[in-house]
Structures are given as structure tokens and as C-alpha cells.
Amino acid sequence: MKNKRVYWAISCYFFLFFFGFAACYSLYSVWLSQTVGLSNFETGVVFGVNAAVTLLAQPIYGYILDRIGLKKHILIILALLLIFAGPFFP
């Protein structure tokens, strides 16, 4: 019974996370072109660099976590880095 409740909680979390991500990311190119004033080429470069960094960073991040193990302080450090990066988004 507990496993079923955990399954539904995780399923709802992932659904809401990816729904919110898709809702925000689909408007990212509009924001880059209208608010920031980037051309179509520059917007494409931003999306390309984002994909390239993601492809390079995920294996490195996974390797580091495998080497030192997933510990609570790593998650806290990442959360703090995200909090400090927040003011740069507006």
C-alpha cells in the first residue's frame, strides 16, 4: 500500500515538473527575441549552446556523484547555487 502511494506521489511530481518546464521553455525563444532583442540566429545559438552544455555536463556530474557518493551536503550546495543564480533570470 505504501509503495503505491509513493509511486503516485513521484508520478505527480514528475508530471508537474515536466509540465512546468515545457510551459516555460516553449516561451523561451519568444522572450529571447522580443525582450532581449536577439535575432533568430542568436536565439538558435543560445538553444544549441544549452544543448551542448547539457550533453557535456550530465556525464561529468554523474561521474562526480558516483565517485563521491550522493550525500546530503551536495544537494544543499546545488540548491544554494540555484538560489544565488535566481536573481539573474529576471
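In which helix is Val-30 found?

1. Val-30 is found in helix α2, which covers residues 28–36. The model discussed here is predicted. Val-30 counts as partly exposed, because its relative accessibility is 36%, and partly exposed means between 20% and 50%. Val-30 and Val-53 are 23 residues apart in sequence, and their C-alpha atoms are 21 Å apart in space.

2. The next points concern aromatic rings. A pair of aromatic rings is described by two things, the distance of the centres and the angle of the planes. The structure holds 12 aromatic pairs. One of them is formed by Tyr-13 and Phe-17, with 6.2 Å from centre to centre and 20° between the planes. This pair counts as stacked, because stacked pairs have planes under 30 degrees apart.

3. Where do Tyr-13 and Phe-17 lie? Both lie in helix α1, residues 2–25, and they are 4 residues apart, which is about one turn of the helix. Tyr-13 counts as exposed because its relative accessibility is 51%, and the cut-off for exposed is over 50%. Phe-17 has a relative accessible area of 42%, so Phe-17 is partly exposed.

4. Phe-17 also pairs with Phe-18. Here the ring centres are 5.0 Å apart and the planes are at 80°, and the pair is edge-to-face. The angle is the reason for that label, because edge-to-face pairs have planes over 60 degrees apart. Phe-18 counts as partly exposed, because its relative accessibility is 47%.

5. Which residues form one aromatic cluster? The members are Tyr-13, Phe-14, Phe-17, Phe-18, Phe-21, Tyr-25, Tyr-28, Trp-31 and Phe-47.

6. A nonpolar surface patch of about 710 Å² should be noted as well. Its residues are Val-6, Ile-10, Tyr-13, Phe-14, Phe-17, Phe-18 and Phe-21. Ile-10 is in helix α1. With a relative accessibility of 44%, Ile-10 counts as partly exposed.

7. What lines the largest pocket? The lining residues are Phe-17, Phe-18, Phe-21, Tyr-25, Asn-50, Thr-54 and Gln-58. Two elements, α1 and α3 (40–68), give two or more residues each to this lining. The largest share, 4 residues, comes from α1. About 230 Å³ of space lies in this pocket.

8. Phe-17 turns up in several of the points above. Phe-17 belongs to the aromatic cluster, helps to make the nonpolar surface patch and lines the largest pocket. Phe-18 and Phe-21 are likewise in the cluster, in the patch and in the pocket lining.

9. The last point concerns helix α4. This helix covers residues 72–85, and Leu-81 lies in it. Is Leu-81 buried or exposed? Leu-81 counts as exposed, because its relative accessibility is 52% and the cut-off is over 50%. Leu-81 and Ala-9 are 72 residues apart in sequence and 26 Å apart in space, from C-alpha to C-alpha.

Notes
Residues numbered from 1 in each chain as written. Predicted model: local features only at pLDDT ≥ 70, side-chain atom pairs only at ≥ 80, totals over all residues. Heavy atoms only, no water. Phe/Tyr/Trp six-rings, centres within 6.5 Å; stacked < 30°, edge-to-face > 60°. Buried < 20%, exposed > 50% of the residue type's maximum accessible area, 1.4 Å probe, protein only. Patch = residues over 30% accessible without salt bridge, like charges linked within 9 Å, V, L, I, M, F, W, Y side chains within 5 Å. Areas by Shrake-Rupley, 256 points an atom, 1.4 Å probe, with all protein chains shown as cover. Salt bridge = Lys/Arg side-chain N within 4 Å of Asp/Glu carboxyl O. 1 Å grid on protein atoms, 1.4 Å probe; cavity = no way out; pocket = protein on both sides within 12 Å on 5 of 7 lines; lining within 4 Å. Points joined across faces, edges and corners; volume = space filled by probe spheres on them.
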